[in-house]
Amino acid sequence: MIVTGLALGAVLGIVMQRGRFCVTGMLRDLFLQRSWRTLVALFIVIAVHAVGIAALTSAGVIAPEATTFKPAAVIIGGFIFGMAIVLAGGCASGTWYRSGEGLVGSWIALVMYCLSAAAMKTGALSGLNEFLRSWDTGWTDLPSTFGVSLWWFAVPFALFTGWAANRFLQREAAAPKVASLGGPRWRRPLHVYAAAVAVGVLGVIAWPLSAATGRNDGLGITTPSANLANWTVTGNPQRMDWGVMLVLGILVGSYLAARATGEFRVRLPDATQAVRSVVGGAGMGVGASLAGGCTVGNGMVQTSLFSYQGWVALLFIALGVGVAAKLWLKPAAAPTSAEDEVLDEAPPHGVAESLTVGAPRRVAGAGDGTAVAGNFQVATGLVTVAGEKKAKARAIGRGRYFLDQMGAVCPFPLIETKDALDSLDAGEELVIDFDCTQGTETIPRWAAENGHEVTDFRAKGDAGWQITIRK
């Protein structure tokens, strides 16, 4: 029966990959974009979950167990997790499905996440986990506190979420059209709200499928990831449960979706992002273990049960994301020394080409110089020219400038695009090369919302895109 976890996880991986479904990005938008639009997608998941769980519970199909609120662990763990997911470039589920897209940085974060979660739950850090979780209030959830059915919270929350989603959809309909990639409809990304509904429905289906195997829970990422690490080391068959099959399914589904749509390519991180992936992945495992769940276990499942743990954890995860965004999500400083300036001739017709060289050279990277040689593509960092005004973009003639964001993880392509475009005059164009799948949604949407014109938007091979924005 645990094979149903693999099947449901595969569908979930496809939906998340095609919907660019990233809770980190949803929370990050609150601080970087001052927008609630994508966070409403998380509310949709919670609302669908809540109504579905209430229905299954009322019918006697499932019997969710109450989780008691442990304030110190939930608050500290949630905050650590929020900061860590910004460093790692994605939350727990996001790291699993982005690994399926070929991001080596996500592979690194995923390994560290599994190992640190296992250490917290059954290994060297279990003492710390038990100590911080020892303060237990005994409080479970709002329905129990008020002595009412889950329906009393599920229905009002669903109505509020429906109103909020409709409001943002109306704004989208009235706003300038967002540029999108051409090609067959099945290859285009899902609307984030459609993906949210699908994730919510899959979350409801997960409960009876999981319960049938003796695991009385729904979607979950942290404990299954820890169990996978334990099973890998010990070979204990009891660790290979429905939840482990679920997370493996997410990886498989994401890979299949990315391959089918030309969005899979192995992408190596630069040194800075590799370090961030190590630290972020480790922090994710520690934080989620303390808090009793990640953005799925707490942010989608426990919130839908209206547990104290779920909503307090989500609040402190958001605060952690906000602090991390303030600390680390900034545009890179433009190089000032001649050593870091690249003065190549512009590509013909203003189209950015892959740069190959016969000997090592320096390009301005996301915080450090990166050497490339032979036939390797220059795939990370910012290409710069001399001069004060367009310091981050290379002049390619006729009022056009080029910004290389190949290899940069989300949200840096958008952050650097905004920063570079600020230095241009009205009517000038910025050509951006990038390979972050989330950028295919965030960059053109930001351009439309801020009155800039997208004059060209195209795919460039597997998992690569070029967009031209006229200021």
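**Helix packing and burial in the chain**

Helix 5 passes helix 6 in a left-handed crossing, a term that applies if the near helix is turned anticlockwise from the far one by less than a right angle, whereas a clockwise turn makes the crossing right-handed. The model is a predicted one, in which local features need a pLDDT of at least 70 and side-chain atom pairs count only at pLDDT 80 or more, while totals for chains, interfaces and linings use all residues. Residues are numbered from 1 along each chain as its sequence is written, and side-chain values use heavy atoms, with hydrogens and water left out.

The chain contains 17 helices and seven strands, where helices (H or I, at least four residues) and strands (E, at least two) are DSSP runs numbered from the N terminus. Of its 471 residues, 54% are buried, that is, under 20% relative accessible area, with over 50% counting as exposed and values in between as partly exposed (1.4 Å probe, protein chains only). The exposed surface of the chain comes to about 19200 Å², of which carbon and sulfur atoms supply 63%; such areas come from the Shrake-Rupley method with a 1.4 Å probe, and for residues only the protein chains shown count as cover. Among the contacts (heavy atoms within 4.5 Å) with a separation of 6 or more, 76% join residues that lie 24 or more positions apart.

Helix 5 spans residues 92-99 and helix 6 spans residues 104-122, and their axes come within 9 Å and cross at roughly 135 degrees. These axes are lines fitted to C-alpha atoms, for helices over the stretch in contact, and the angles run from 0 to 180 degrees between N-to-C directions. Helix 5 and helix 6 are therefore oblique to each other, since angles under 35 degrees count as roughly parallel, over 145 as roughly antiparallel, 65 to 115 as roughly perpendicular and the rest as oblique. On the side of helix 5, A92, T95, W96, R98 and S99 take part, and they meet S106, W107, A109, L110, Y113 and C114 in helix 6. By class, this contact of helix 5 with helix 6 holds seven nonpolar, three polar and one charged residues; here Ala, Val, Leu, Ile, Met, Phe, Trp, Tyr, Cys and Pro count as nonpolar, Asp, Glu, Lys and Arg as charged, and the others, Gly among them, as polar. Helix 5 is mostly covered, with eight of its eight residues buried, and its cover includes helix 1 (3-18), helix 4 (71-88), helix 6, helix 11 (222-234), helix 12 (242-260) and helix 13.

Helix 4 also packs with helix 15, at an angle of about 40 degrees and with the axes 7 Å apart. Helix 4 and helix 15 are therefore oblique to each other, and their crossing is right-handed. The contact of helix 4 with helix 15 has 19 nonpolar, four polar and no charged residues.

Helix 14 (residues 297-304) is mostly covered as well, eight of its eight residues being buried, among them N298, M300 and Q302. Its buried residues are covered by elements including helix 2 (23-32), helix 3 (39-58), helix 10 (192-211), helix 13 (271-291) and helix 15 (308-328). Just after helix 14, F306 takes a positive phi of about 55 degrees.

W242 lies in helix 12 and counts as buried because its relative accessibility is 0%. In sequence W242 and G5 are 237 residues apart, yet their C-alpha atoms are 5.2 Å apart in space. When residues up to four places away in sequence are not counted, the residues that W242 touches include M1, I2, L8, A206 and R215.
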